[in-house]
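Hello,

Here is the structure I promised to pass on to you. Have a look at it first, and then read on for my notes.

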Amino acid sequence: MTAIPDPSKKGFKFSQLLYDTRYRSMTIQIIALFGILLFFGWLINNTASNLATLGKPIQFKFLGEPASYDINQRLLDYTSRDTHLRASLIGLLNTLILAFMGCITATVLGVAIGVMRLSKNWLVARVMTLYIETFRNIPVLLWIIIVFSIMIETMPTPSAFRSGEASMMLYDSIAITNRGVYVPEPLFSRSLGDWNLFGTSSLRFGISLDLVVILIILFGGIFASRKVKKNADKIQNETGMRPTTWWKRLSLIIFPVAIILWILGLYLGYPELKGFNFKGGTYMRNSLIALWVALSLYTAAFIAENVRAGIQAVSKGQSEAAHALGISSSRTMSLVILPQALRIIIPPLISQYLNLTKNSSLAIAVGYMDLTGTLMGITLNQTGRELETVLMGMAVYLAISLAISSVMNWYNNSVKLVER
Amino acid sequence: MVDQSFVRTEIVPEKPAPLSQAGIIGWFRKNMFSDIPNTILTGVVLYIIFMVLGNILPWVFSPTWNSVSLTECRSILAEIGRDGHGNGGACWGVIRERWLQLMFGFYPSELYWRPVLSFLLLGVALAPVLFDGVSRKILFFTAVYPFVCFWLIWGGSVWFPISVFIGFIISYFGFVIGNKSAGSLIGVLAAIALPIIWWFILLSPINSVLNSILPLGSEAIESDRLGGFMLAILIGVTGIALSLPIGILLALGRQSDLPILKGVCVCFIEFIRGVPLITLLFVASTLLNVFLPPGSNFDLILRVMIMVTLFASAYMAEVIRGGLAALPKGQYEAADSLGLDYWKAQRLIILPQALKISIPGIVSTFIGLFKDTTLVSIIGLLDPLGLSTNIRADMAWNGILWELYGFVALIFFIFCFSMSRYSMYLERKLATGH
């Protein structure tokens, strides 16, 4: 074996930058960095000169100008005299509420379909496969438009309710019309009022104190119920006997919430037909319903496949081993199967949530005023500020996505198998 | 005393299983009616199927194939005693009259042979990539195909695609010669620099000279006449073909130990994956011209293709990164111990295995990309969805909905479903497990 000579120390030759592996990576990177800076410089230079020619220097003054367009579906108060900034905020909240509702229903549907796809019942399994393949292989935009058309074309008009051709569902509480769905609205006779943030600025924001109180009590109840569970675990570890706790845990959650609802004086405001339209209740426009239904059904098909893969990935030996230890079926599910399956299911599940949130931007196709419809739609067209609005919109979506994926990373790290 | 005990000396012939356990009845009992909840479930599902089919089938089977307007459809349906004004039956006349438009958009009908020919050639070009047992020599045609396709669909002078293609040949020879004479890095630099000089400086004067000497060409087609599934396939195939190599490079960049390169790749991938495609299409339709040198104005379809490709390559990069990460570390170490350099190790050892692992992800990215081409209707291109709005604007078909959406959905389903089946075939073919 020949000895490897030390690299010559006779001084640095220029060619070493290329041929010496110690320096080469540095050379390549500096060249790459230089190229990238050059590229961005070129882009910025082009943009600056183009904008100068158009006479539109970058500025965000337009955000403070009156928007002068109306937004029909909104969570906060808004009039057309409000600013573009407020319109964008309303749009952002519309995006978030749509994404939130969609994620919940898509998860429920997706889990149910994924489990049923593994059913021993041949017919059920086949029908679920058909559902999954149909929804996965047809574009989501088409689904949104189809559901929207179904809403408009086949649902009764409000006047049909007057003439008796159509009737409300669930004891006259829900009205499904071609303009949207009216559902009862929870109201409080002894309401605590709103907590108004940011005064009268464009970002003013009223948070219902009733909701805050209810949530605090609910989480308190859940916390107490977990305490009871921990206590039961402790008793089981010490004595081997598990006390029956389900009624304690359930009542700890339900009773405080029921009491606070009674104190606040909860009652339902029902929608009523007045004139040509329904009044009262919570109104969800047909575009919101169409997006909600279509995005839920579409994403559910993908979630179902993730759930199926997760369940199939837990080997049969695991449940057999649990049974051999004498663990009951339900506790086998909650202690052995689910923790392992969830580890596989949840990362793709969260990326489906991410997809749903991004797909909610297709709202523009059916006229739902989300962030794309307000900031990158009407505001863009009215002010002609393409650069500012599109970049702002992208930044907001990027922030939402990064927030969701940081949750995913946190979860992945917390359940990661610690290998020896 | 007679021995009364009885010993059977011959084997009793096997009896068939009881009727309730074998054959069709047994199968039904086992798979659909095994216990009470299962039977109830079967009943519920059968009822749902019955309801859905009972509503849809009469609508689908409607004798309106030859009608020329919605009014005529309704009168045909009223004649046979169906509800003419509601949803008594489908009006298939719109598909018969407009299916060519849904396929080709406003492409001149006497030139339909050009896109048809280019899609047939697409089949030829893809055959050696997709299936074994096809001669490898056709791969040369695959390399030339994009230029042939461009010329067939857009038409115009034949010299433009040819001279762009020559740029790639120059790049190849630049690499080979540079590599032999001065080492791999010089080869790579030559392969990048020479074609850039050719395309940006020499191409247009040489083109105009060639055009004046020998004006070969065909009728040029404006981009705004392209539409329908032709447009969807065009954007989809371009995105698919270009996003795979770009995605591989991005994935390798993200896995590399060069911090600056890695940072750039991570930023690019996370940015593109963090924003919805529609915002990138807005960039294509409103902003891209602002970013480019003043006066440069190129086609909206081309801009959309660029954005769709960038979008797909970020997703592709993540899929391939998953494949790279799934490879055992021993494979990388084995490649190093054989003394292979970085590119050889990637090309011969790492990528073949990593790409094989990521086939399902790659194909589902492709399917997603193809489905996402419908988004271009939002920025005003005439893809199948945009066209169906357009067809409804015609007086004769005003008010028609489900037939068009159903047809478009069916075609998308056929494309996407066959792609997913192909990926299963590929997985089976490449499986090397035990």
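Let me start with a question: which domains does the domain assignment of chain B give? There are four entries to find in the model, which is a predicted one. Domain 1 covers 18-61 and domain 2 covers 62-91. Domain 3 is written in two pieces, 98-107 + 222-430, and domain 4 takes in 156-218. If you want a feel for the layout, the C-alpha centres of domain 1 and domain 4 of chain B are 65 Å apart.

Now for the two chains, beginning with chain B. Its secondary structure consists of 17 helices and two strands. The C-alpha trace of chain B extends over about 115 × 75 × 40 Å along its principal axes. The radius of gyration of chain B is 30 Å, whereas a compact globule of 434 residues would have one near 22 Å. Of those 434 residues, 29% are buried. Looking at contacts in chain B between residues at least 6 apart in sequence, you will find that 69% link residues at least 24 apart.

Chain A has 13 helices and nine strands. Its C-alpha trace measures about 95 × 75 × 45 Å along the principal axes. Here the radius of gyration is 29 Å, against a value near 22 Å for a compact globule of 420 residues. Buried residues account for 26% of the 420 in chain A. Among the contacts in chain A with a separation of 6 or more, 63% are between residues 24 or more positions apart.

How do the chains meet? On one side there are 46 residues of chain A, and they are in contact with 40 residues of chain B. Five helices of chain A each supply at least two residues to the side that touches chain B: helix 2 (21-54), helix 4 (122-136), helix 5 (140-154), helix 12 (371-383) and helix 13 (386-415). Helix 2 of chain A gives the most, with 13 residues. By type, the residues on this side of chain A divide into 27 nonpolar, 14 polar and five charged.

The nonpolar core is a good place to go next. The largest one has 136 residues, and the residues with the most contacts inside it are A:Ile144, A:Leu291, A:Ala294, B:Leu281 and B:Val304. Helix 9 of chain A provides the largest share of this core, 15 residues. From chain B, domain 2 (62-91) and domain 3 (98-107 + 222-430) each contribute at least three residues to this core. As general background, nonpolar side chains in soluble globular proteins tend to be buried together. To see one part of the core up close, select A:Ala294: apart from its neighbours within four places in sequence, A:Ala294 is in contact with A:Val140, A:Trp143, A:Ile144 and A:Val147.

Is every residue of helix 9 as hidden as that core might suggest? A:Val293 sits in helix 9 (residues 286-313) of chain A, and A:Val293 counts as partly exposed because it has 18 C-beta neighbours inside 10 Å, while a buried residue needs 20 or more. A:Val293 is also 76 residues from A:Met369 in sequence, with 17 Å between their C-alpha atoms.Some strands of chain A deserve a look too. Strand 1 (residues 175-177) and strand 2 (residues 180-183) of chain A pair in the antiparallel sense over three bridges, and the two form a hairpin with two residues between them. Within this pairing, A:Ala175 has A:Tyr182 as its bridge partner in strand 2 of chain A. Strand 2 of chain A also runs antiparallel to strand 9 (residues 282-285) of chain A, joined by four bridges. There, A:Tyr182 has A:Tyr283 as its bridge partner.

Two last residues to visit are A:Ser68 and A:Ala321. A:Ser68 lies in the loop between helix 2 and helix 3 (84-117) of chain A. A:Ser68 has a positive phi of about 50°, although it is not a glycine. With 14 other C-beta atoms within 10 Å, A:Ser68 is partly exposed. A:Ala321 belongs to helix 10 (residues 316-324) of chain A, and A:Ala321 is partly exposed, with 13 other C-beta atoms within 10 Å. The C-alpha atoms of A:Ala321 and A:Thr332 are 9.5 Å apart, and the two residues are eleven residues apart along the chain.

Enjoy exploring, and best wishes.

Key
Residues numbered from 1 in each chain as written. Chains lettered and ligands numbered in written order. Predicted model: local features only at pLDDT ≥ 70, side-chain atom pairs only at ≥ 80, totals over all residues. Rg over C-alpha atoms; globule rule 2.2 N^0.38 Å. Buried ≥ 20, exposed ≤ 12 C-beta atoms within 10 Å, placed from the backbone. Contact = placed C-beta atoms within 7 Å. Nonpolar A, V, L, I, M, F, W, Y, C, P; charged D, E, K, R; others polar. Domains from an automatic or database assignment. Pairing = 2+ DSSP bridges. Core = buried A, V, L, I, M, F, W, Y, C linked by C-beta atoms within 7 Å.
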